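Student: Could you take a close look with me at one part of this protein, the charged pairs and the rings around them? I'd like one connected walk-through rather than a list.

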Amino acid sequence: MVVSTFVLFALIGGLLVPGNCNDAHNALTDVPGLMFELLMERMSELELRLEEHVGKQIGALAESVRKLEMLTVHQAKVAKESEVNIKNAIVALEKQVTSVQKEVTDQRKQLQKQTADVVRRMARKMETMDQAVGLHQIVGPEGQLRPVYREAVNIESFGKGWSVFQRKSSAEVDFDRSWEEYRFGFGNVEGDHWLGLETVRGILQAGGRHELLIVLETFSGEVGYAHYDDFSVGPESDNYRLDSLGKYSGTVGDALRYHEKSAFSTRERDNDSVNRNCAAIYHGGWWFHRCMESFLNGRYYSESVNKRDGMVWKDFNDFETLRKTTMMIRRYSADTE
């Protein structure tokens, strides 16, 4: 720039020197061309500098892009590794949870089995120790203690330990009761009473097989019995169905067999198998079928009469009413030996 300016002034200065008019005239004639050359030279210089500057900027920008790409690749790699690590951690945690759940389930089953074994052993031990005639306490519905009367039977060497759940020997206690009363019981366990279906189920569920003994007495003083070696009753959800009786033995006939598999009915809960309410007709709760061949919760008559709404057992005295009835249960004798 300095050189070009100097040249320009030198040319102009030369034009003003005296005696050189011809030369000055010639020089003036060439001034536009020189100016153009100088301008082009200057523009070329500027272009080179601009190209150099732009090149540096592009190079810096390209380096930044390259570094950004490298960072992006690195971050993607780290994210991928993190995703894999998280998935592996989740899989490991799921396996651990499954293992813990299995261990808890196994321990629960083992505890339930051990608890059931302990309950059975204790029940057998208590039953063996608690066979004396008289009142005893047992665990009834909802964990409540309930009195039960244990009785000895001097028939066919049936012996002691029988829990009475039904006894009727007078008109003192009315057995025409509601479902709830038959469920939880009524009367005096030392006299006429119904122990309650829930309590009966509690005894039956204490473990092992149970037997049923029914003792009947006529107004003429004749005593007979019916024994069943596998007695069980279903839950309330199945209407306390008479699930099983087992094998019969006895002297009064197998009249209860007619009612096996029948649901329990009361005057307001008709669960029998006939198109009429047997419990309402015969005034008492029972395992009615169509309607009955035995019925021990009927009305009490003070003498022997042929009344099916009384305490009757078809095979014993052909529906003649009975003076006294007793129903008892006990763990099956073979289970306590």
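Tutor: Let's begin with R257, which counts as partly exposed because its relative accessibility is 28%. This is a predicted model, so the values here are computed from predicted coordinates. The partner of R257 is D254, and the closest N and O atoms of this salt bridge are 3.0 Å apart. D254 is partly exposed as well, at 24% relative accessibility. The general idea is a familiar one: side chains of opposite charge can pair when their charged atoms come close. Across the whole structure, a search finds 18 salt bridges.

Another of these bridges joins R267 to D176, with 3.7 Å between the closest N and O atoms. R267 lies in the loop between strand 10 and helix 5, while D176 belongs to the loop between strand 3 (159-168) and helix 3, so the bridge ties together parts that are 91 residues apart in sequence. R267 is partly exposed, with a relative accessibility of 38%.

A third bridge pairs K314 with E293, and here the closest N and O atoms are 3.9 Å apart. This pair also links distant parts of the chain: K314 is in helix 6 (residues 314-317) and E293 is in the loop between helix 5 and strand 11 (294-295), 21 residues apart. Both ends are partly exposed, K314 with a relative accessible area of 33% and E293 at 22%. Elsewhere, salt bridges that share partners join R42, E45 and R49 into one network.

Charged ends meet rings too. The charged end of R269 sits over the ring of W179, 4.0 Å from the ring centre. R308 does likewise with F319, its charged end lying 3.9 Å from the centre of that ring.

Now for rings that meet other rings, of which the structure holds 19 aromatic pairs. In one of them, the ring centres of Y182 and F264 are 5.3 Å apart and the planes meet at 55°, so the pair is tilted. Y182 sits in helix 3 (residues 179-184) and F264 in the loop between strand 10 (248-250) and helix 5 (278-282), so this contact spans 82 residues of sequence. Y182 counts as buried because its relative accessibility is 0%, and F264 is buried with a value of 0% too. W286 and F295 make an edge-to-face pair, with 6.1 Å from centre to centre and 70° between the planes. Both of those residues are buried.

For a buried helix, turn to helix 4 (residues 197-204): six of its eight residues are buried, so the helix is largely enclosed by the rest of the structure. The buried ones are L197, T199, V200, R201, I203 and L204.

Helix 2 (residues 21-129) offers a view of the surface, and M43 is found there. M43 is partly exposed, with a relative accessible area of 39%. Together with F36, L39 and M40, M43 makes a nonpolar surface patch of about 390 Å².

To set these details in the whole, the protein has six helices and 13 strands. Buried residues account for 35% of its 337 residues. The accessible surface comes to about 19,900 Å², and 55% of it belongs to carbon and sulfur atoms.

How values were computed
Residues numbered from 1 in each chain as written. Predicted model: local features only at pLDDT ≥ 70, side-chain atom pairs only at ≥ 80, totals over all residues. Heavy atoms only, no water. Helix = DSSP H or I, 4+ residues; strand = E, 2+ residues; numbered from the N terminus. Buried < 20%, exposed > 50% of the residue type's maximum accessible area, 1.4 Å probe, protein only. Areas by Shrake-Rupley, 256 points an atom, 1.4 Å probe, with all protein chains shown as cover. Patch = residues over 30% accessible without salt bridge, like charges linked within 9 Å, V, L, I, M, F, W, Y side chains within 5 Å. Salt bridge = Lys/Arg side-chain N within 4 Å of Asp/Glu carboxyl O. Phe/Tyr/Trp six-rings, centres within 6.5 Å; stacked < 30°, edge-to-face > 60°. Lys NZ or Arg CZ within 6 Å of the ring centre and 35° of its normal.
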